[in-house]
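Trainee: Please take one part of this model and go over it closely with me, explaining each term when it comes up.

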Amino acid sequence: GTAREMGAFQWLIWLNIITLTGTVLIPLVYMAIAGTEEIRPEGSVVEPIAPVKVAGVLSALSTFTFGMTSQVVLVEIIDEMEDPSQLPKAYTMISAPFQWIAFMVAGIGGYYFIG
């Protein structure tokens with residue numbers, strides 16, 4: 001089947017959302033239960049504003065860009081959309097905010113627990 005036929009299988013979309021959310025939250029819940037004393041490596045610190053270094057900025061931008069890159073699947077998604085002109089709206093109003101929130105929760109949570 002195609003995504004156009006997936007109207008009967010919307011539970012797959014929700015399963016995907018739940019799986020992605022679990023991927024972010026399960027490790028954070030584990031780290032919260034274990035506590036920072038158990039999780040944080042010795043000598044690791046959490047700084048509200050870390051020193052900015054070019055290598056660190058480039059590494060962070062590279063990781064973030066890779067995570068937000070969706071061009072690999074966008075062509076397939078557009079092909080399966082009932083109304084392809086709705087892609088910009090769907091991406092900017094639903095997909096991108098979900099990705100941003102997931103990255104922020106994982107990044108800030110992970111940094112807090114691991115340093």
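Mentor: What follows is a look at one surface patch and at the helices that supply its residues.

This is a predicted model, in which local features need pLDDT of at least 70 and side-chain atom pairs count only at pLDDT 80 or more, while totals for chains, interfaces and linings use all residues. Residues are numbered from 1 along each chain as its sequence is written, and side-chain values use heavy atoms, without hydrogens and water.

The part to look at is a nonpolar patch on the surface, made up of Leu-25, Val-29, Ile-33, Ile-101 and Val-105, which together offer about 460 Å² of accessible area (Shrake-Rupley method, 1.4 Å probe, with only the protein chains shown as cover for residues). Membership of such a patch takes over 30% relative accessible area and no salt bridge (Lys or Arg side-chain nitrogen within 4 Å of an Asp or Glu carboxyl oxygen), with nonpolar side chains (Val, Leu, Ile, Met, Phe, Trp, Tyr) joined within 5 Å.

Two helices (DSSP runs of H or I, at least four residues, numbered from the N terminus) matter here, since α1 (10–34) and α5 each supply at least two residues of the patch. Helix α5 spans residues 87–114, but the largest share of the patch, three residues, belongs to α1.

One of the patch residues, Leu-25, sits in helix α1 and, because its relative accessibility is 39%, counts as partly exposed (from 20% to 50%, with buried under 20% and exposed over 50%). Its sequence neighbour Val-24 also has its place in helix α1, yet Val-24 counts as buried because its relative accessibility is 17%.

From Val-24 one can look across to Ala-102, which is found in helix α5 and is partly exposed, as its relative accessible area is 24%. Although 78 residues separate Val-24 and Ala-102 in sequence, their C-alpha atoms are 6.8 Å apart in space. A second pair joins the same residue to Thr-21: here Ala-102 and Thr-21 are 81 residues apart in sequence, with 7.4 Å from C-alpha to C-alpha.

It is worth setting Trp-14 beside these residues, for Trp-14 is likewise placed in helix α1 and is exposed because its relative accessible area is 53%. Trp-14 and Gly-107 are 93 residues apart in sequence, and their C-alpha atoms are 23 Å apart in space.

Technical notes:
Patches are made of residues with over 30% relative accessible area and no salt bridge: like charges are joined within 9 Å, nonpolar side chains (Val, Leu, Ile, Met, Phe, Trp, Tyr) within 5 Å. Buried means under 20% relative accessible area, exposed over 50%, partly exposed in between (1.4 Å probe, protein chains only).
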